[in-house]
Amino acid sequence: MQIHPILAALRRHKAGTLLIALQIALTLAIVCNALFIIHQRLAHISEPTGVDEPNLFVIENLWGEQYSTEEAAAKVQQDLATLRQLAGVADATQSNSYPLRGGGWDNFITMKPDQISPTTDSSIYLGDEHFLRTLGVKLIAGRDFHADEVQNMGLRQNFVPPVTIVSKALADKLYPNGDALGKPFYSMSDKPTTIIGIVDRLHRSDVSTWSVPFANESLVWPVRDAQPWGVFYIVRARPGQLDAAMREAPKALYAENRMRMISPKDGVQSFAQIRHLAFESDRGMAVLMSIICLVLLAITGAGIVGLTSFWVGQRRRQIGVRRALGATHRDILHYFLTENLLISLAGIAMGIFLAFGLNLWLVKQFSSQLLPLVYVLGGVVLLILLGQGAVFAPALRASRVSPVEATRPA
Amino acid sequence: MLGYYVDLAVRSLKRSPGLTLLMVLAIGFGVAASMTTYSVFRAVSGDPIPWKSSQLFVPQIDIWGPKGRLDGDNGEPPDAMDYTDAVALMRAHRAKYQSALYRISPSIVPPDPSKHPVSVGGHAVYSEFFAMLDAPFKYGSGWSADSDEQRAAVVVLNSKLNQKLFAGANSVGKTVDIDGKDYRVVGVLDNWNPKPEFYDVVNTGGFTTDQEDVFIPFQRAIDVGMTNDGNTNCSEIPKESGFVGLQKSSCVWIAYMAELDDKAAVAAYKDYLDGYFRDQKQAGRFNWPLNNRLRDLPAWLDSQHVVPSDTKISLVVALGLLVVCLVNTAGLLLAKFLRRSSEIGVRRALGAPRLAIYTQFLIEAGIVGLTGGLLGLFLTWAGVISVGWVLPKEIATLAHVNLSLLVLTLLVAVIATMLAGIYPTFRASRVQPALQLKSN
């Protein structure tokens, strides 16, 4: 296939060619950035938490009376006993927060008490000796808490427990050589806390972008949360009994003590609901970007079909002449396919610059991540296929133009 | 003549229905995607108090210094205040109106013992809060400065809670049991829920589905130990426990807003704030340089990134889609117009000036734009209705279709398509009549 005659013909359609190339360039720029956003969001949505999600639910229990720390701690103990007695409940624990809650308590972590710039930031969970078992997180080193280690923490009581169980991500950040067990660190206090256990994975309670550098870094302190306002109960249902347990649990709690508030709307949430809520905006963004990508590709594809059909219509006579002079069906088909390929390549060359330009702008404005090359390559392949696919039908029609057209007036 | 051009345009568009449909669809989808994302952007980026936002200021004092910051914070001082400084600023009373405020979520105990207590949301504020923010009252009013001083047990209800407790009747003078203590109702707000909740973006992120049900005097809330609900940020762990320990600590949990009516007042307040920092530094509280901020409300909302970045990215990407649709339309119009070179040649040879050709083809582009715009209207309407499927509730509920959005949709469609049609029309008007006539 000779390229020279194609270029010569395109020179006669400068504006049209340029517009298609520009359209392909813009489409490429938007599609690769959108694909990258979609991929990031989907990766975020499917982040594992390390907990037994299918069987867990959380009750947000607010007290309807003012309790002292001791009273609140006793009420929490009583409630947990009630919950554990329910037929559908395997175990129950209390905490200040839970993974994917979308906010919570986090502390700066330092290796020395007087360190100016923090080493990292960790999500804080308060848990009793049932915490690990209820959540179903996997202890990979050390031990669980003993019941006698668990202290009560009332309103803004600020003590640092001497021992802690940390996630592997936090352990590795603090002690990269893998020897974190038994070692201390400091958490905004001059008293150290010592790592007695390491769990495989425990997601942070927030899902924000600022905490991306501290992903999965969390710690559990042996503390019973005795806040005057209330507490979260995390309950693990027996397999297959989640719905029943979610219905029974608030009833049993109210029967025991009326002076509490469990929102009928979202006071009891299964972990599936928690996950759904936590990533609502990410899912929305992925859907929106997918819709935009599809519309964009459809319009660009249809635009190529439309314009090529027009050009074919315009050149019927020339095609006829070529056919009369011995060009085969295949020659004509290849002519249009190659013409499209050349235009696509020109568009893609422009589009690659635009894609990185758009990405740089997103990085600068919204601290997004840098666009990996593979998305640009993916976009390039996608657009070449789209172009060739779109041009195929009009090209086929062109190849069927009879040589007799050469004799007819335009 | 205009009617004739419209007729010509419709004939021409009917001659290639596939192509016409393609252009209309492209314009329709492009405009609808942009307008739907714009309606969301408009909803979240709007000024919540446009008549006054430039007079409302948020002071920030760098009470933590460099050790209280992560690397990414760009030297920004804490975005809220500790108790000591908030109360000192209130006592100095240097602005026309000012209020320290913090979010509370007390429980309301219904008189009927068979009913469960209900959890409500609200803020502990100073008396000037209501006048400063022009909060609309349905019944009664806010409390007086004396009530601030006396730490009076008074409450302002929002209309939704008033509906629930008093069936919407004028409840001024009645009592409400909040956290086990009786409060006298002094005012009922007229369904006041500004979005974003600009007076306390630190604790609400701006957009929240939480209701504002009660407002009680700040010092009263402190006295009865009504704890704060929301963010508490500390650069070090407080030395003492409890809510009192929090008040003595350097943790920040209080929002602050001041009304400053003119440039002189702003400058004077800034001087006061800087002087306050220097005094405290001299007293040995700080050992880092002055790093205060005094932003007006729009700048403050911007610095707090109240408009979600997803909303902006979506808008930019959707505008990109619109541009692609326009380039697409321009290409198709160009092909379509130039194919009619011989027709143009005849018209020109018969004496039509270039202007007539311009008018004819721009009308044709305009008709495509108008039809695409009508499709776009329908798609925008469908899009805004279904944003609830893709966006979080607290944002999706704010987006709505109104007349100005519909008018804008049509205008954008028609104007954009005519812009896309300018180059093809220009090319059409340059057609040489002699050449066209000869070649036939």
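**Close-ups of chain B: helices H12 and H17**

**View 1. H12(B) and H17(B) run roughly parallel to each other.** At an angle of about 30 degrees, the pair falls under the 35-degree limit and so counts as roughly parallel. This is a predicted model, and here H12 spans residues 309-339 of chain B while H17 covers residues 403-429. Their axes sit 8 Å apart, and the crossing is right-handed.

**View 2. Zooming in on the contact between H12(B) and H17(B).** H12(B) brings Leu322(B), Leu326(B), Thr329(B), Ala330(B), Leu333(B), Leu334(B), Phe337(B) and Leu338(B). Facing them from H17(B) are Ala416(B), Thr417(B), Ala420(B), Gly421(B), Tyr423(B), Pro424(B), Thr425(B), Arg427(B) and Ala428(B). Sort the contact residues by character and you get twelve nonpolar, four polar and one charged.

**View 3. Two stretches of chain B that UniProt lists as transmembrane regions.** The unreviewed entry gives residues 21-41, 313-335, 355-381 and 401-423 under that label; two of these are picked out here. Residues 21-41 of chain B are 100% helix and 0% strand, with the end C-alpha atoms 30 Å apart. Residues 313-335 of chain B are likewise 100% helix with 0% strand, and there the end C-alpha atoms are 33 Å apart.

**View 4. The stretch of chain B annotated as a C-terminal permease domain.** For residues 316-433 of chain B, the unreviewed UniProt entry has "domain: ABC3 transporter permease C-terminal". In the model that stretch comes out at 86% helix and 0% strand. Its end C-alpha atoms are 43 Å apart.

Technical notes:
Residues are numbered from 1 along each chain as its sequence is written. Chains are lettered from A and ligands numbered from 1 in the order in which they are written. This is a predicted model: local features need pLDDT of at least 70, side-chain atom pairs count only at pLDDT 80 or more; totals for chains, interfaces and linings use all residues. UniProt positions are given in the numbering used here, feature names are shortened, and annotations may be inferred rather than shown by experiment. Helices (H or I, at least four residues) and strands (E, at least two) are DSSP runs, numbered from the N terminus. Axes are lines fitted to C-alpha atoms, for helices over the stretch in contact, and angles run from 0 to 180 degrees between N-to-C directions. Angles under 35 degrees count as roughly parallel, over 145 as roughly antiparallel, 65 to 115 as roughly perpendicular and the rest as oblique. A crossing is left-handed if the near helix is turned anticlockwise from the far one by less than a right angle, and right-handed if clockwise. Two residues are in contact if their C-beta atoms, placed from the backbone, lie within 7 Å. Ala, Val, Leu, Ile, Met, Phe, Trp, Tyr, Cys and Pro count as nonpolar, Asp, Glu, Lys and Arg as charged, and the others, Gly among them, as polar.
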